[in-house]
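Please open the model in your viewer and keep the selection tool at hand. The stops below follow one another, each beginning with what to select.

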Amino acid sequence: MIMLSHVQQIRILKEEQKYVSDYARLTAMRVDLTLDNAKQALVRVEAERNADCSPEHIRRMGQIVLDAHSIQDIGFFRNGHLVCTSLGGLSTPIPQRRPDMDLGQGYSLVFAVEPKLFRSKPLVELRRGNYGVLIRSGRLIDVVTDTGMTLGVATNQGHVLELSGTAEPQLIRALLARQNAGIGDRYVFASHRAAGLAAFAIVDREPAQTMSGSDWREMLPLSLVISTALIGIVIWVSRQQLSPEKTLELAIQKREFVVHYQPIVELSTGRCVAAEALLRWPQRKGEMMNPDTFIPLAEATGLISRLTDLVIEIVMKEMGSLLRNDRHFHISINIPAGDMESGRFLPGLAAVVRKEGVDPSQVWLEVTEGGFINADAAINAIKAARAAGYQITIDDFGTGYSSLSLLEGLPLDALKIDKSFIDAIGRDAAKSVVAPHIIAMAHDLKLCMIAEGIETSEQEAYVKEANVQLGQGWLFSKALPSEQFRAFYNRNRAAAQLQPDFT
Ligand code: C2E
Ligand code: MG
Ligand code: MG
């Protein structure tokens, strides 16, 4: 009983954390979009022939301000002084301030600029060359939220550019230091990097503690729908013409996706015995969009199945030879609940596995327990997949709604202990009581275990001591592009002097 109440409490907090993370990410996207919009205005004004504060120059600057959504004014500097803006010439030029932050590629930011030609609260200036544009900083966090949430954007050093509500400075410093997401005594918070800045979201922990599990579950679908829709809207605005669904569909058609591989090691020997295939969507600016952002959109629009097929195809092409050369090596592929229930992907997978000469037991399918709608259908498909020789792993174990009942009814091979339980080891006494229960349960059921999200040697030592067989996490390696993964695998083998080099 004690164990269940802990599990339940952690589930609620985990969901809340995910919700807050979604908003931090949306805010980061809003920051990117706003800065992009301002950069486009700078690029346009730099291309102007007139740069002389003539009426034509001032009129053109005014036109660019009108066309851009996020900027208030454009200023033109000469010899270190502001000499005119889109609103007119200055009788007394104003000395240029030194930028507060360098953004690279010639861009920099100046904080808390008080405009001289119009009344406004302090603005943020984006500058390049002889021009600076003034941005309404409220625009940076212009994301629709529920009322209890505080959104903000700050530099990594803790200088707050904009905040939608109130937040204690220590909390902001703490969340910037933690980078991703966290649960404090009183708050659940998350931050996300954007153009050298950090966007963050904070909610009070109070409601989660007083809310029963079922209340929370009722609220959850709505919050997910809202955040998924918002992600869609932001992506749509950023691409300007295409709907989010169309953008994603085109990207699938153009095969814009790549797969990265995160090593999985045998904890007793340190050997790299497997890899998890993780999808990435490269963006125009060379950044990678993480699956947490686009998988919900793919699921909501039904495009997810095409992504599953694409991942299977890429993985088998890139990893086929490694799998043939090392029959003890396996690859883990994430299968969304809908595909697992229908088993739709199985014939295609069988064909490519046969073509590549890979043994089906070298393919592990990771499914997330929370996603099944029709458990009976899922059980049948899982049985069919196992009959075909694949191994079935339950991903993010401990975070779904039906962990225990599911375990009894499902024919499984492995359990992946969710990162939140590994995070708690050595850090959070209350939460770390759950991990031993999960581990004991998996031992009883004779399931292989994979500890996910191992970041410290303390966590590694803990799971090793508890006889967890496999581990995955940044302590060993982040997810790597296929070539880098092969290099990692070769180095790992050479270090262990276990087998001749794989080439
Ligand atoms: P997951 O399957 O639970 O994948 C593990 C996630 O944890 C990955 O995030 C991985 O990069 C991250 N991770 C691993 N070790 C550490 C660590 O030590 N510290 C931290 N902070 N993170 C760690 P990623 O790649 O962003 O994937 C997120 C989720 O997106 C995945 O969770 C999975 O549910 C989904 N996903 C990824 N690729 C695919 C795919 O090809 N198909 C489907 N359907 N879903 C995918
Ligand atoms: Mg996974
Ligand atoms: Mg996982």
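**Stop 1: ligand 1 and its shell**

Select ligand 1 together with the residues around it. This is a predicted model, and in it 21 residues surround ligand 1, of which Arg280, Asn334, Asp395, Glu455 and Trp474 come nearest. Sorted by class, the shell around ligand 1 consists of eight nonpolar, four polar and nine charged residues.

Next, colour the shell by secondary structure. Which elements each supply at least two residues of the shell around ligand 1? They are β14 (272-282), α7 (291-301) and β18 (391-397). Strand β14 gives the most to this shell, with four residues.

Now display the side chains of Arg280, Asp395 and Glu452 and look at the oxygen atoms of ligand 1. An N or O atom in the side chain of Arg280 is 2.8 Å from an oxygen atom of ligand 1. For the side chain of Asp395, the corresponding distance to an oxygen atom of ligand 1 is 2.8 Å. In the case of Glu452, a side-chain N or O atom lies 3.1 Å from an oxygen atom of ligand 1. Switch to a surface view: of the 800 Å² of accessible area that ligand 1 has on its own, the protein covers 86%.

**Stop 2: the magnesium ion, ligand 2**

Select ligand 2, a magnesium ion. Which residues coordinate the magnesium ion (ligand 2)? The donors are Glu276 (OE), Asn334 (OD1), Glu366 (OE) and Asp395 (OD), at 2.0 to 2.3 Å. Along the chain, these donors follow the spacing E-x57-N-x31-E-x28-D. Glu276 in strand β14 and Asp395 in strand β18 are 119 residues apart, and the pair links distant parts of the chain.

Is Glu276 buried or exposed? Glu276 counts as buried, because its relative accessibility is 4% and the cut-off for buried is under 20%. Asp395 is also buried, with a relative accessible area of 6%.

**Stop 3: the magnesium ion, ligand 3**

Keep Asp395 displayed and add ligand 3 to the selection. Asp395 bridges the two magnesium ions, ligand 2 and ligand 3, which lie 4.1 Å apart. The protein donors of the magnesium ion (ligand 3) are Asp395 (OD), Asp396 (OD) and Glu452, the last listed with two OE entries, and they lie 2.0 to 2.4 Å from the ion. The donor residues of ligand 3 are spaced D-D-x55-E in sequence. Asp395 lies in strand β18 and Glu452 in strand β20 (residues 448-452), so this pair ties together parts that are 57 residues apart in sequence.

Glu452 is buried, with a relative accessible area of 13%. With both ions and ligand 1 in view, two residues recur. Asp395 bridges the ions and has a side-chain atom 2.8 Å from an oxygen atom of ligand 1. Glu452 is a donor to ligand 3 and has a side-chain atom 3.1 Å from an oxygen atom of ligand 1.

**Stop 4: the cysteines**

Select Cys53 and Cys84. The structure holds one disulfide, formed by Cys53 and Cys84 with their sulfur atoms 2.1 Å apart. Cys53 lies in the loop between α1 (2-46) and α2 (55-67), and Cys84 in strand β2 (residues 81-85), so the pair ties together parts that are 31 residues apart in sequence. Rotate the view along the S-S bond: the torsion about it is about -85°, so the disulfide is left-handed. Cys84 counts as buried, at 0% relative accessibility.

Then select two further cysteines, Cys272 and Cys448. Cys272 counts as buried at 0% relative accessibility. Cys448 also counts as buried, at 19% relative accessibility, a value that falls within the limit because buried means under 20%.

**Stop 5: two backbone positions**

Finish with the backbone. Most residues other than glycine have a negative phi. Select Ala112, which is found in strand β5 (residues 107-113). Phi of Ala112 is near 50°, a positive value in a residue other than glycine. Ala112 is partly exposed, with a relative accessible area of 46%.

Lastly, select Lys446, in the loop between α14 (434-444) and β20. Its phi is positive too, near 55°. Is Lys446 buried or exposed? At 73% relative accessibility, Lys446 counts as exposed.

Key:
Residues numbered from 1 in each chain as written. Chains lettered and ligands numbered in written order. Predicted model: local features only at pLDDT ≥ 70, side-chain atom pairs only at ≥ 80, totals over all residues. Heavy atoms only, no water. Near = heavy atom within 4 Å. Polar contact = N/O pair within 3.5 Å; in protein donor to acceptor, adjacent residues only side chain to side chain. Areas by Shrake-Rupley, 256 points an atom, 1.4 Å probe, with all protein chains shown as cover. Nonpolar A, V, L, I, M, F, W, Y, C, P; charged D, E, K, R; others polar. Donors = N, O, S within 2.8 Å, 3.2 Å for Na, K, Ca; no water. Buried < 20%, exposed > 50% of the residue type's maximum accessible area, 1.4 Å probe, protein only. Disulfide = S-S within 2.5 Å.
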